[in-house]
Structures are given as structure tokens and as C-alpha cells.
Amino acid sequence: MPSFRSLAGGSVLINSTGLDKLSGDLAGTIDDVLHKGAFDIEAAGKSIARRKNIIDTGALINSIHVKTQRQLFYVIGPTVHYAIYQEFGTRRFGARPFMRPALNKNRLPILNACKEAIERHGSII
């Protein structure tokens, strides 16, 4: 199953190493699920940032996007340099996480969708 983890800079990673050995059809189906999930995480990150009022110029929210590294491997997050300080805080102000909650909100639905795709395909990992 895919693994999820937070990266420096406030981004999150969906990594499905090992799933690339699946049959082509199933790998493509799982990639479709992860692709949708990546964009769901992007949307949630933007929504949470808005809700937490992490807006000055809008640059942070506008910098949150999905980067496809290769099939079954996505990085989702902001590209502005100060996003890490919002996500994790500093000694001067507390964290206002937006990408980690976005990942946590979507992790289980993505995993369930992968499981359903595998069951529909009739394959066992």
C-alpha cells in the first residue's frame, strides 16, 4: 500500500514503491487513485490555510500544488520558502499546520480507494 509522510518545507509525499511491480492495469488504476488523492490533499491544504487565515498576499496558497515525480509517486505542497515556518512554527510563533492536516484528512480515504481498486481487480498484494 502507499506510504505517506511529511517533508521539510511543509510538503507531503505519496510513495508507492513496490506497487510498480503490479500488473500494468492495476498499477495504472492505483496511480489514478493516487492522482485523485494527491489533488484532494492539495485542495484540503488550500482550504485549511484559508480557514486558519494563513493569507497575506495569497502566495502561499497559490504555491500549493501537486508535483508528479513518476507513476505512483507524488509530492504535494507549497513552494514558497516560508511555508515551513507556517507548518511547523518557530521559536517566536506557534505552528499553523495546513499540509499535515490535509494529509491526515485524506490518508484513510486514499488507502480505502486503493484497497477497493485492488479488490475490484482481483489481485492480492
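Q: Rings of Phe, Tyr and Trp (its six-membered ring) count as a pair if their centres lie within 6.5 Å, with planes under 30 degrees apart called stacked, over 60 edge-to-face and the rest tilted. How many aromatic pairs does the structure hold?
A: Zero aromatic pairs turn up here. Bear in mind that the model is predicted: local features need pLDDT of at least 70, side-chain atom pairs count only at pLDDT 80 or more, and totals for chains, interfaces and linings use all residues. Residues are numbered from 1 along each chain as its sequence is written, and side-chain values use heavy atoms, leaving out hydrogens and water.

Q: What lies over the face of F73?
A: That's R70, at 4.4 Å from the ring centre. A charge sits over a ring if NZ of Lys or CZ of Arg is within 6 Å of the ring centre and within 35 degrees of the ring normal.

Q: What does the secondary structure of the protein come to?
A: Four helices and four strands, running β-β-α-α-β-β-α-α from the N terminus on. Both kinds are DSSP runs numbered from the N terminus: helices are H or I with at least four residues, strands are E with at least two.

Q: Why does the distance between the end C-alpha atoms of helix α1 agree with its 28 residues?
A: The expected span is 1.5 Å times one less than the number of residues. For α1 (residues 24–51) that gives 40 Å, and the end C-alpha atoms are 40 Å apart, so the two agree.

Q: And what about α4, with its 23 residues?
A: Helix α4 (residues 99–121) should span 33 Å and its ends are 31 Å apart, which agrees. α4 does bend by about 35 degrees at N106, with a proline, P109, following within four residues. That bend is the angle between axes fitted to the seven residues ending there and the seven starting there.

Q: Why is K105 called buried or exposed?
A: Buried means under 20% relative accessible area, exposed over 50%, and partly exposed in between (1.4 Å probe, protein chains only). K105 comes in at 60%, so it's exposed. K105 lies in helix α4, whose buried residues include L103 and N106.

Q: Why does S63 count as buried or exposed?
A: S63 has 6% relative accessibility, so it counts as buried. S63 belongs to helix α2 (residues 59–63). Neighbours within four places in sequence aside, S63 is in contact (heavy atoms within 4.5 Å) with G77, P78, T79 and V80.

Q: What makes strand β4 largely enclosed by the rest of the structure?
A: Five of the five residues of β4 (residues 73–77) are buried, so the label fits. F73, V75 and G77 point one way and Y74 and I76 the other.

Q: How do you know that β3 and β4 pair?
A: Two strands pair if DSSP finds at least two bridges between them. Strand β3 (residues 65–70) and β4 have five bridges, in the antiparallel sense. K67, for one, stands opposite V75 in β4.

Q: What makes the phi of L72 worth a look?
A: The phi of L72 is positive, about 70 degrees, although L72 is not a glycine. Most residues other than glycine have a negative phi. L72 lies in the loop between β3 and β4, and with a relative accessible area of 2% L72 is buried.

Q: Where does N53 lie, the residue with phi near 60 degrees?
A: N53 lies in the loop between α1 and α2. Its relative accessible area is 53%, so N53 is exposed.
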